[in-house]
Amino acid sequence: MVENLERQAPDKFTVINELARRRGFFWQSYEIYGGVGGFVTYGFLGAKLKQNIENKLREIFVKKLGIMEIEAPIIAPGKVFEASGHVDHFKEPMVECLNCKRRFRADHLLEETAKLSASDVEKLNLEELKEAIKEHNVRCPECGGTFGEPKHFLTMFKTTIGPYSEAVGYGRPEAAQGIFVEFRRLYEMAREKLPFGVMQMGHALRNEISPRQGLIRLREFTIVDIEFFFDPEDPNCYLLEDVGDETLRLVLAESKLRGSEEIVEITVKEALEKGYIKVAWQAAFMALAKRLLMELGVPAENQRFIEKLPWERAHYSLQSFDQEVYVDRWGWIEVSGHAYRTDYDLKQHMQFSGVDIRVFKEYEKPIVKEKKVIKPLMAKLGPAFKQETQKIAEMLSEVDPEEVEALFKAKGYFMLGKHKISPEHVEITTCKMEERGRRFIPHVVEPSFGSDRLVYVTLEYAYRVKEGRVVLSFPRDIAPIQVGVYPLVSKDGLPEKALQVYKMLIDEGFTAEYDEAGSIGRRYARADEVGIPLGVTIDYDTLKDDTVTIRDRDTWKQVRNSINVLPELLHKYFRKKVEFKDLGTLVKE
RNA sequence: GCGGCCGUAGUCUAGUCUGGUAGGACUUCGGCCUCCCGAGCCGGCGACCCGGGUUCAAAUCCCGGCGGCCGCACCA
C-alpha cells in the first residue's frame with residue numbers, strides 16, 4: 001500500500017483524500033447514489049479534528065479576545081441578501097456559444113475583445129451586454145461562433161419559505177449577514193461600547209459551478225465569520241501591544257499590478273505606518289490568523305497575505321487580504337480572508353429595513369455651541385393666523401434663523417410660504433446647545449476562515465512518511481484521539497489491566513482508544529496513521545510494579561512511568577506545559 | 001458547463017480488445033501465535049458506478065446518465 005504510493009508518487013492531495021476516506025476522516029457525501037460534487041461527510045476522526053480546530057479558533061477569539069459567539073439561521077428572507085448586495089453581485093453574466101456550446105463570462109469577453117474597461121463593463125445589464133456584444137461583433141474565441149442571450153448564473157441557493165412561492169429565501173453564502181441583521185441587540189449585549197466583535201461558525205452554501213477540489217471548494221461548507229465593529233474615528237487598537245511586532249508576509253496590490261508576487265516581510269506596526277494595511281484592527285487580526293495557522297502546523301514561511309486588486313474585491317470591501325497557505329497540489333490556497341467592510345453592510349440594512357442602527361457615542365466633554373433659534377410667539381401668532389398657526393410654528397422650526405434675521409433687517413418681514421411674518425410674531429434668541437455625543441455607523445473588519453480548508457491544510461502539514469509508514473503528526477492539542485492504550489500481547493491478564501488503564505484515562509477526560517488486535521507493531525502503525533500522539537502499553541512489568549511505557553508518535557521513543565501519575569502528567573502534556581521526555585524515564589532500546 | 005482520459009471489494013489491481021463460473025494482494029474481522037514497531041499460520045466478510053439496448057448469455061459490445069482525474073472556464 002505505502003510502497004505503492006511511493007512508487008506512483010501521487011501528490012499529497014490524492015494521498016490525503018485516500019487516507020481520509022480509508023481511515024474515516026471524510027469522504028464524498030451520498031456515495032450510494034453516485035456521489036454529488038461539492039458535498040462532504042466527516043467521519044468520526046474528521047469531525048473530531050474539525051471540532052478541535054474550531055475550538056482553537058474559539059480559544060483565540062472568543063476566550064482570549066472576548067468576542068461573542070452567536071448562532072443564526074442558514075436560511076434568510078430575500079430582503080436580507082438584497083440589502084447586502086448579494087442578489088446583485090453574487091452572480092455572473094454568462095453567454096453560451098451557439099456553435100460549440102462553450103460558456104464564457106460575458107463581461108470578460110467584452111473586456112478582452114472589445115477593449116472596454118472593467119468598470120465600464122460592470123455597469124452593463126444583460127440587455128446592454130447583449131447589445132455591446134452585437135455592436136463590437138464579439139465572436140467565440142474558441143470557434144468563432146455567435147453567442148446566445150446572456151444569462152445570469154446566481155451562485156446562491158434559492159428556496160421558498162413556507163408554502164407561498166412569493167416568499168423567496170436564500171441559503172446564506174456567508175455567516176456575516178446573520179451578525180449584521182442582529183446588530184442592535186448585539187450592540188446592547190456588548191454594553192453599548194465599541195469596539196466589540198461577534199463570531200459565527202456554521203454552514204454556508206454556495207452553488208459553485210464546478211467544485212472539484214475536495215475540502216478546498218465545497219457547495220456546503222463551514223465558515224467562521226468574525227465581524228469586529230469599531231469607531232472609524234478612534235483608530236486605537238489595543239491588540240497592537242500583543243501583536244505589533246509580529247511579522248507578516250505581504251504581497252501588495254502594487255506589486256501584483258507590476259506582475260510580481262514579491263513578498264514584503266514586515267511587522268504589523270510597520271505595515272500600518274507605511275499605510276500598507278489601512279486599519280489597525282485588520283492588521284492585528286491578520287497577525288492572529290498567522291499564529292493560528294502556525295499552531296495548526298503551518299510554518300510562517302509557508303504562509304502569506306495577498307492583497308486583492310480593486311476589481312478582485314467583494315462588493316462590500318475597501319481593502320482585502322487573503323491569507324494563503326502553500327499546498328502541494330495547487331500552490332497557494334486561501335484559508336482566510338480579511339476584508340475591511342467599512343459601514344457598508346450596516347448602512348445597507350439601515351436603508352432597506354428603515355431601522356436606525358447607528359450608535360451613539362458620548363463625547364468626553366459635551367460640545368457647547370451657541371446657536372440662534374427662532375422662537376414662535378404663539379400669543380401673537382394665534383390671533384394673526386388662526387387655524388394656520390400650528391402649521392406655521394412647525395414651518396418656522398425649519399427655517400434658518402440667520403436668514404430670517406437678515407430679512408427682517410432688510411425688509412422688516414419675510415415670507416413663509418404665502419404668510420407674511422413680522423418680527424413681532426417671533427423672537428430670535430441665542431441659546432446654548434449642548435452636543436453630548438455623535439451618532440454614526442460603526443466600521444467593520446472581517447476575518448473569515450474556512451473550517452474545511454483549515455482541516456485540509458492541517459492534514460497536509462501533519463502528513464509524514466517515516467520508514468515507509470504514514471504518520472499524521474498533528475499538533476498534540478488538536479489530535480482527534482489523544483492516547484492509545486495497548487496490551488503488549490492479548491493474554492496473561494494484560495488486556496484486563498489495559499482496559500482498566502483505558503477506562504481510567506477516559507474517566508480523567510482524555511480521548512482514548514483501546515486496541516488489542518494484531519501485533520503491537522501493527523497497532524502502533526495504525527495509531528500513527530490517524531495521528532494519536534501517545535501510546536500507553538501495558539506489559540509484564542506492569543503487572544509487577546504498575547508502570548507502563550508511553551510511546552511518542554513522532555520519534556517512536558518510549559518512556560516508562562507509574563500509572564498513577566499518568567493523569568496529571570498527560571494533562572500537562574496536552575496543555576503543552578511539559579514535553580514528552582518529561583513523561584517518564586527513557587526506555588533503552 | 002465543454003474537451004480528453006477513466007470507473008471491478010475499504011485500497012491496489014487481473015479479467016474488457018476476442019461476450020461464457022469475476023481471480024489475486026493489502027486492509028478489516030474471528031482464531032492460533034506473539035515480551036515493543038504494518039511478522040507468521042488458518043478461516044470469514046467484502047466488488048463489476050447506474051439505467052436502457054444488442055445477445056441464449058454483458059464487467060466485457062452499443063446508447064444515455066452519474067461520478068472521478070486533467071485542461072478550459074468559474075471561484076463574489
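This dialogue walks through selected features of a predicted model.

Student: Where does the chain depart from the usual backbone geometry, and what is usual?

Tutor: Most residues other than glycine have a negative phi, and most peptide bonds are trans. Start with the peptide bond from Leu-194 to Pro-195. That bond is cis, with omega near -5°. Pro-195 sits in the loop between helix H10 (183-189) and strand E10 (196-205).

Student: Which residue in the loop between H10 and E10 should I look at next?

Tutor: Glu-192, which is found in that loop. Its phi is near 55°, a positive value in a residue other than glycine.

Student: What is the phi of Asp-492?

Tutor: About 60°, so positive, although Asp-492 is not a glycine. Asp-492 lies in the loop between strand E24 (483-487) and helix H20 (494-507).

Student: Why is Glu-192 called partly exposed?

Tutor: The class covers values between the 20% and 50% cut-offs. Glu-192 has 47% relative accessibility, so it counts as partly exposed. Asp-492 is partly exposed because its relative accessible area is 47%.

Student: Is Ser-255 buried or exposed?

Tutor: Buried means under 20% relative accessible area. Ser-255 is at 2%, so it counts as buried. It belongs to helix H12 (residues 253-257). Leaving out residues up to four places away in sequence, Ser-255 touches Ser-260 and Glu-262.

Student: Where does Gly-337 lie, and what does it touch?

Tutor: Gly-337 is in strand E16 (residues 331-342). Its relative accessibility is 12%, so it counts as buried. With residues up to four places away in sequence left out, Gly-337 touches Phe-321, Asp-322, Glu-446, Pro-447 and Ser-448. Take Glu-324 as well: Gly-337 and Glu-324 are 13 residues apart in sequence and 8.8 Å apart in space, C-alpha to C-alpha.

Student: How do I read the crossing of H3 and H14?

Tutor: Take distance, angle and hand in turn. The axes of helix H3 (residues 44-63) and helix H14 (residues 280-295) come within 11 Å and cross at roughly 145°. The crossing is right-handed. Then check the side chains. Lys-56, Leu-57, Ile-60 and Phe-61 in H3 meet Phe-285, Leu-288, Leu-292 and Glu-295 in H14.

Student: Which residues form a nonpolar patch on the surface?

Tutor: Tyr-30, Ile-32, Tyr-33 and Val-36. Together they have about 530 Å² of accessible area. Look at Ile-32, in the loop between strand E1 (26-28) and strand E2 (40-42). Exposed means over 50% relative accessible area. Ile-32 is at 76%, so it counts as exposed.

Note on methods
Residues are numbered from 1 along each chain as its sequence is written. Chains are lettered from A and ligands numbered from 1 in the order in which they are written. This is a predicted model: local features need pLDDT of at least 70, side-chain atom pairs count only at pLDDT 80 or more; totals for chains, interfaces and linings use all residues. Side-chain values use heavy atoms; hydrogens and water are left out. Patches are made of residues with over 30% relative accessible area and no salt bridge: like charges are joined within 9 Å, nonpolar side chains (Val, Leu, Ile, Met, Phe, Trp, Tyr) within 5 Å. Accessible areas come from the Shrake-Rupley method with a 1.4 Å probe; for residues, only the protein chains shown count as cover. A salt bridge is a side-chain nitrogen of Lys or Arg within 4 Å of a carboxyl oxygen of Asp or Glu. Helices (H or I, at least four residues) and strands (E, at least two) are DSSP runs, numbered from the N terminus. Buried means under 20% relative accessible area, exposed over 50%, partly exposed in between (1.4 Å probe, protein chains only). Axes are lines fitted to C-alpha atoms, for helices over the stretch in contact, and angles run from 0 to 180 degrees between N-to-C directions. A crossing is left-handed if the near helix is turned anticlockwise from the far one by less than a right angle, and right-handed if clockwise. Contact means heavy atoms within 4.5 Å.
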